[in-house]
Amino acid sequence: VNGTSATAKSEKIPAIAHPLAEDPAEVAANINYHAKYSPHFSPFKFEPEQAYYASAESVRDRLVQQWNETYLQFHKVDPKQTYYLSMEYLQGRALTNAIGNLNIQDAYADALNKLGHDLEEVVEQEKDAALGNGGLGRLASCFLDSMATLNLPAWGYGLRYRYGLFKQLITKEGQKEIAEDWLEKFSPWEVVRHDVVFPVRFFGRVEVYPNGSRKWVEGEVFQALAYDVPIPGYKTKNTISLRLWEAKASSGDFNLFQFNDGQYESAAQLHSQAQQICAVLYPGDATESGKLLRLKQQFFLCSASLQDIIQRFKERKNGKDTWQWSEFPSKVAVQLNDTHPTLAIPELMRLLLDDEGLGWDEAWDVTTRTVAYTNHTVLPEALEKWSQSVMWKLLPRHMEIIDEIDKRFLEMIRVTRPDLESKLHNMRILDNNPQKPVVRMANLCVVSAHTVNGVAQLHSDILKAELFADYVSVWPSKLQNKTNGITPRRWLRFCNPELSNIITKWLKTEQWVTNLDLLVGLRQFADNADLQEEWASAKMASKQRLAQYVLRVTGVSIDPNSLFDIQVKRIHEYKRQLMNILGAIYRYKKLKGMSPDERKNTTPRTIMIGGKAFATYTNAKRIVKLVNDVGDVVNTDPEVNSYLKVVFVPNYNVSVAELLIPGSELSQHISTAGMEASGTSNMKFSLNGCLIIGTLDGANVEIREEIGEENFFLFGATADQVPKLRQDRENGLFKPDPRFEEAKQFIRSGAFGSYDYNPLLDSLEGNSGYGRGDYFLVGHDFPSYMDAQESVDAAYKDRKKWLKMSILSTAGSGKFSSDRTISQYAKEIWNIEECRVPSS
Ligand code: F55
């Protein structure tokens, strides 16, 4: 598509008229109504906080109406539906997104003005819903936005954690974790469904009947209660649900006798046990700690969701007397977001076998045609393995079923593929190593799902060639790629209105918001001086906003005329924030050695790093501390601090990302090649005209392909070189670059304080006690990283060239819309079609 034809076509398409009230006076009246009649606060107070709750409730009224229409439509048409099962959703704030998707932001801004408030200030009252750890959780939220916008019949299922991801405080000691009670007051976005309740059992035993049928009995039974969060699509009436389960004790479980006897705690014992189930989000971003509670959470999600799905299937008989189980897979697609909801597989089998009375073959056929699995990591420590003995205790019937799936898989391979005998111990589901017998959840998924996908082309290729290689010859077409994407609504249209308006002006259409490929139309203007100046001023406005924020939360004043260089993501050794800070240290040292005149010729930089470290991940926490220590020295050094600032941005979350990304000019995606499955913030930065310095890892590869290699600062080893480089390193064949040695030595010298960084630095040495010196190849990639950084400095000096590259980054980012990703899932995995609510 070239820009001109896209423009001509779109001019004929009228803007979608919204049927609901958009008159600011009416909106204001509605907000007032909620302030008055849903009084969560004293009626005499109408500060920004009250204005937020009243506005949110007035928006929710509209969403509820659209919601009802959507479900009526789905019920009437009875299409095949997708159910997205995820232990995590990183929703962020909802108000800006809801009024943006409903296209009523102007009316709300005006209405709030009439009431003496400012929309921007009001939306900031909302706490982020952070029911996720990082990329995987945010991906689930972007997917929901796209499913609603594409009018797909789909649901998200998750857990209603009381405490989401912790809040990060930075102290003199480094990172401190604070529990984040996002429901402290209440969430205006959830609707409790008192009529949607399902029992979920733990422990107990399997009863066998004379006819051979089996039933899971006794143990503890809790109730799963549904809370629905509306997910509005963009400029469509379709509004779908994120259904979050909360655990409750059954009402009969309150022991009134004990209570009256003064034994208050034991009287309510089951109630407090129920509360524990959804109390906290599992804080794992890579490691699996084998907590029984985590397994309970996973099963709770799977069991409640599948009972709900089956009930809905049974309700929709479409005029017939009864349902046909063989038709289940043509009405239901279940997508597992990583292995965390794997128990959906044996739970569906159990429900079909024991409750519905199907035979094994029929139940297996239904299950395997229903379930698909997405893999998000190849890191061995992040692949879930559950102790068999724990599983036998908690889920005895499911273990029987898993055992049977494993047996039948072995049998099938032995009969059809005797050549694979030697691979079977790796391929089978049960790892019966007597030291520690475990269930390998990824293997259970691959054996049971009809489709398995990776999240970027390189990642999917690695899955096929390595992690799941043995299965490829058994099921050659089971493995697919679905390159991740991000929603252009939240990640450009709403978070960067300045740039969005410029794009709309030059493309002469706003259709890019739902057809992101139209951004290629900007390419023809990349050299245009007028566009470049508008582009630069939008970027400057975002940089100024960001600078104010940084000053407010860190006390550090940063110069909007310096190059804003950002790395924000979970802190992990494979993501190599350590390489970034070593680079900053080398830059600092070099600046120190320069004369004032020489310094004037350098490119001033502000390096911002943000992200949370897993609470027990020692090296990650040391990296956070190091960044802060370096910042303290550099930022207060009057000789150099107008040429370099180093800022740790605390408590990185979705809302902070919405501020940082528009104000970024360079972002770092510098993982060891082959280790980052995809990355999704790389797509957000690129979409916002931010250039990338990065390795050939995950989706970087595809971003570079799309925007052009001349617009990407590439460095580092490739994934296929990594194993040999590690081998060489072990064999003492690595010769470190002097810049690398100098940077490390500077830290060891105490230049950044007295904290003992030796254990962290030792992880970069071949002789480190970990037996895998510099596993992440920081030393190997450092020289090419520093060279790439020099090309960045040079490119930034050429303002026109930089602006052109920035425009081309945005222009080439169309592929990374989650609308594209979700359309591919819908067509190539789920086999579902749109089901649009007619506009009245
Ligand atoms: C959460 C819990 C456990 Cl037990 C393990 C991992 C995680 C987690 O947060 N993973 C995660 O975020 N993975 C990321 O998924 C993104 C979306 O596909 C990828 O872009 C990213 O590369 C990957 O690391």
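# Helices, sheets and single residues in a predicted model

Leu582, Ile585, Tyr586 and Lys589 of helix α23 are in contact with Arg739, Glu742, Ala743, Phe746 and Ile747 of helix α30. The structure is a predicted model, and this pair of helices is a convenient place to begin reading it. Helix α23 covers residues 577-592 and helix α30 covers residues 738-748, and their axes come within 9 Å while crossing at roughly 85°. Because angles from 65 to 115 degrees count as roughly perpendicular, α23 is described as roughly perpendicular to α30.

Another helix, α25, spans residues 618-635 and has 18 residues. From its first C-alpha to its last, α25 reaches 26 Å, close to the 26 Å expected at 1.5 Å a residue. Of the 18 residues of α25, 13 are buried, so this helix is largely enclosed by the rest of the structure.

## The sheet of nine strands

Strands of a sheet pair through backbone hydrogen bonds, either parallel or antiparallel. An open sheet of 9 strands, with mixed pairing, follows the order β7-β10-β11-β4-β1-β12-β13-β17-β18. Its edge strands are β7 and β18 (479-481), each of which pairs on one side only. On average, and with direction ignored, neighbouring strands of this sheet are turned by 25° against each other.

Beginning at the β7 edge, strand β7 (residues 191-202) pairs with strand β10 (residues 220-232) in the antiparallel sense over 9 bridges, and Arg193 stands opposite Ala226 in β10. Strand β10 also pairs with strand β11 (residues 239-249), again in the antiparallel sense, over 11 bridges; here the bridge partner of Ile231 is Ile240 in β11. The hairpin of β10 and β11 has 6 residues between the strands, and in that hairpin Lys235 takes a positive phi near 50°. Elsewhere in the sheet, strand β1 (residues 81-85) and β12 pair in the parallel sense over 5 bridges, with Tyr83 opposite Val334 in β12.

Which strands does helix α11 lie across? This helix lies across β1, β4 (154-159), β7, β10, β11 and β12, and it runs at about 115° to β7.

## A sheet of three strands and a hairpin

In an open sheet of 3 strands, the order is β14-β16-β15 and the pairing is antiparallel. Strands β14 (385-387) and β15 (430-431) stand at the edges with a single partner strand each, so one side of each is left without a neighbour in the sheet. Strand β15 pairs with strand β16 (residues 438-440) over 2 bridges in the antiparallel sense, and Leu430 has Val439 in β16 as its bridge partner. Helix α17 (residues 441-448) packs on this sheet, where it touches β14 and β16, and its direction makes about 45° with that of β16.

Strands β5 (residues 167-171) and β6 (residues 174-178) also pair in the antiparallel sense, over 5 bridges. A hairpin joins β5 to β6 through 2 residues, and Thr171 stands opposite Gly174 in β6.

## Single residues and their surroundings

Some residues can be described by how many C-beta neighbours surround them, as the table shows.

| Residue | C-beta neighbours inside 10 Å | Class |
|---|---|---|
| Lys684 | 30 neighbours | buried |
| Asn103 | 16 neighbours | partly exposed |
| Asn831 | 12 neighbours | exposed |
| Gly319 | 6 neighbours | exposed |

Lys684 has its place in helix α27 (residues 681-687). The unreviewed UniProt entry places the feature "modified residue: N6-(pyridoxal phosphate)lysine" at Lys684. Leaving aside residues up to four places away in sequence, Lys684 touches Ile486, Trp491 and Ile661. With 30 C-beta neighbours inside 10 Å, Lys684 counts as buried, because 20 or more are needed for that class.

Where does Gly319 lie? It is found in the loop between α11 (292-315) and β12 (332-337). The C-alpha atoms of Gly319 and Val778 are separated by 64 Å, and these residues stand 459 residues apart along the chain.

Most residues other than glycine have a negative phi. Asn103, however, has a positive phi near 60°, and this residue lies in the loop between α4 (95-101) and α5 (105-114). Asn831 likewise has a positive phi near 60°, and Asn831 is found in the segment after α34 (818-830).

How values were computed:
Residues are numbered from 1 along each chain as its sequence is written. This is a predicted model: local features need pLDDT of at least 70, side-chain atom pairs count only at pLDDT 80 or more; totals for chains, interfaces and linings use all residues. UniProt positions are given in the numbering used here, feature names are shortened, and annotations may be inferred rather than shown by experiment. Helices (H or I, at least four residues) and strands (E, at least two) are DSSP runs, numbered from the N terminus. Two residues are in contact if their C-beta atoms, placed from the backbone, lie within 7 Å. Two strands pair if DSSP finds at least two bridges between them. Axes are lines fitted to C-alpha atoms, for helices over the stretch in contact, and angles run from 0 to 180 degrees between N-to-C directions. The expected span of a helix is 1.5 Å times one less than its number of residues. Angles under 35 degrees count as roughly parallel, over 145 as roughly antiparallel, 65 to 115 as roughly perpendicular and the rest as oblique.
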